[in-house]
Amino acid sequence: MVGEPTPSNLSIASTVSAEVAAASVIDLHTHLLPPSHGMLCLWGIDELLTYHYLVAEFFMTAPSSISPQSFYALEKKEQANLIWQALFVDRSPISEACRGVVTTLSALGLGAALTKRDLDEVRKYYQVFRDGGLEGAEKFSELVYRLSGVQYAVMTNIPFNAAEARHWRPKKKEYPLQYRSALRVDPLLAGDRSTIEAALKSSGYEATLDGARQYFLDWCDTMSPEYLMASTPHDFFVPDGDLAGVKKTGVDSNALKEPFAFVDASGAECNACEEGDVPSVIDEGSDFLTLLMEVCEERDLPLAIKIGAHRGVNPDLQQAGDGVVAFADSQMLARLCTRFPKVRFLATFLSRNNQHEACVLASKFRNLHIYGCWWFCNNPSIIKEISTMRVEMLGTSFTAQHSDARVLDQLIYKWSHSRSVICSVLIKEYTKLQASGWLANRMEIRRDIRRLFGGSYCEFMSKSFKV
């Protein structure tokens, strides 16, 4: 595509800034659910203030008289009041998580309430939408997507969670195209026999590997997911082992035919399979892992893996008590890509220490796509570092960011803050490119930015390695 070259550093900055600001984003991983899912759709000021980032920060400042147990016994509004007072009134909201709340409320037109530190006024704003019921929630959802510039967001959908499953079966609820599904399959990756068995029994499937396979295939039909996904535990491991005689894909066909192949007499009620509830060890020879890979291959669906969280570092803080593994086993990702070459893998690492090796792996395996700056890496200083390294090593063959949002409103600040950092990185990279003798024009810059904000993901998703 030919166009006028960008003639100066000043023009590079203005062009990149304008194109980043205008780019429509694909948010390829969130924990959002649509308004049709009722209370499972989290939005509003009290949800923002009690997000686990802020709860953890609050307990760094809280008096010893407030224990995690007494805090969690409070109503959510009371929890939010404590956090607002401690982190926004008694201190300046200078942390990334606190600043995110400020950015969000400012974008919603609540600057005057922020100036007055008036939480009640903020609540009145949200109450107008809540008074509208489902229609009000949908209007707020549309507003957030417009302000954040998100084309669509990929949800995290858990079939093992009865509270969510009822919104899919027996009749799937309709929801806007701005929400896309992803089927969460942690128990298969973790070999959680009791959860899988309980899910099969409660849903009327045979407690065999064949029954499990059909269960997940049927959920794929129900949800039409973009991909299957799992968050690996902190000691996630795939041993090298001797793979002689093991098929590259698929499960043991004889095991599929064996009745009650993994029935555990102890049984268990089907649990919620939320993050932190899943056992830890992966065995590459596991029938569960190969079953999962067969489902991915049969439906030509990628598997998205989030690697490196250490759940329950401080159990008293509940979800706010999770931590990070200093060095996750990134070579297990190489082994998965090697063993299952017909399956596409999307991956993100939680530890800063894994990011360089992740880039190297992405350059070696065409069935691997690296995305986003997850959780503890979703801070401007680290986003800048990681994005610079990725551009230098991968060009535009990665997805620069995902929000990981759990609260709908968070789309506003997470994408506003990320755009700003990624824009600064790209200005420097295009300036370096121009100094080397390549003058990128606006259309070329626009093309590249669109790739980084979702286009590369779409290109990767369109590939098929089945043949």
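Visitor: Which residues do ring pairs link into a cluster?
Guide: This is a predicted model: local features need pLDDT of at least 70, side-chain atom pairs count only at pLDDT 80 or more, and totals for chains, interfaces and linings use all residues. Residues are numbered from 1 along each chain as its sequence is written; side-chain values use heavy atoms, with hydrogens and water left out. Rings of Phe, Tyr and Trp (its six-membered ring) pair if their centres lie within 6.5 Å; planes under 30 degrees apart are stacked, over 60 edge-to-face, the rest tilted. The cluster linked by such pairs is Trp43, Tyr125, Tyr126, Phe129 and Phe140.

Visitor: Are the rings of phenylalanine 129 and phenylalanine 140 stacked or edge-to-face?
Guide: A search of the whole structure finds 22 aromatic pairs. In this one, the centres are 5.2 Å apart and the planes stand at 65°, so the pair is edge-to-face.

Visitor: How many residues apart are phenylalanine 129 and phenylalanine 140 in the chain?
Guide: Helices (H or I, at least four residues) and strands (E, at least two) are DSSP runs, numbered from the N terminus. Phenylalanine 129 belongs to helix H8 (residues 119-130) and phenylalanine 140 to helix H9 (residues 133-148). The pair links distant parts of the chain, and the separation is 11 residues.

Visitor: What angle lies between the planes of tryptophan 375 and phenylalanine 376?
Guide: Their rings form an aromatic pair, 4.9 Å centre to centre. The pair is stacked, and its planes meet at 15°.

Visitor: Is phenylalanine 376 buried or partly exposed?
Guide: Buried means under 20% relative accessible area, exposed over 50%, partly exposed in between (1.4 Å probe, protein chains only). Tryptophan 375 is buried at 6%. Phenylalanine 376 has 33% relative accessibility, so this residue counts as partly exposed.

Visitor: Which residue lies over the face of tryptophan 43?
Guide: A charge sits over a ring if NZ of Lys or CZ of Arg is within 6 Å of the ring centre and within 35 degrees of the ring normal. Here the distance from the ring centre is 3.9 Å. The residue is arginine 130.

Visitor: What residue does a cis peptide bond join to arginine 169?
Guide: The charged end of arginine 169 sits over the ring of tryptophan 219, 3.8 Å from its centre. Most peptide bonds are trans. The bond after arginine 169 has omega of about 5°, and it leads to proline 170.

Visitor: What is the phi of serine 224?
Guide: Most residues other than glycine have a negative phi. Serine 224, in the loop between helix H13 (209-223) and S5, goes the other way. Its phi is positive, at about 50°.

Visitor: Where is aspartate 300 found?
Guide: This is another residue other than glycine with a positive phi, near 55°. Aspartate 300 is partly exposed, with a relative accessible area of 22%. It is found in the loop between H15 and S6.

Visitor: In what order do the 5 strands form the open sheet?
Guide: Two strands pair if DSSP finds at least two bridges between them. The pairing in this sheet is parallel, and the order is S4-S5-S6-S9-S10.

Visitor: Which strands stand at the edges?
Guide: Each edge strand has a single partner, so one side of each is left without a neighbour in the sheet. The strands are S4 and S10.

Visitor: Which residue in S6 is the bridge partner of alanine 230?
Guide: 4 bridges join S5 to strand S6 (residues 303-307). On the other connection, 2 bridges join strand S4 (residues 183-184) to S5. For alanine 230, the partner in S6 is isoleucine 305.

Visitor: Which residues cover the two faces of strand S5 (residues 228-231) as buried positions?
Guide: In a regular strand the side chains alternate between the two faces of the sheet. In S5, one side has Leu228 and Ala230, and the other has Met229 and Ser231.

Visitor: How many of the 9 residues of helix H16 (residues 331-339) are buried?
Guide: Contact means heavy atoms within 4.5 Å. What covers the buried residues includes helix H15 (287-299), S6 and strand S9 (345-349). H16 is largely enclosed by the rest of the structure, because the buried count is 7.

Visitor: How many disulfides does the structure hold?
Guide: A disulfide is a pair of cysteine sulfur atoms within 2.5 Å. The sulfur of cysteine 373 is 6.5 Å from the closest cysteine sulfur, in cysteine 377, so that pair is too far for a bond. Cysteine 373 is buried, with a relative accessible area of 2%. The number of disulfides is 0.
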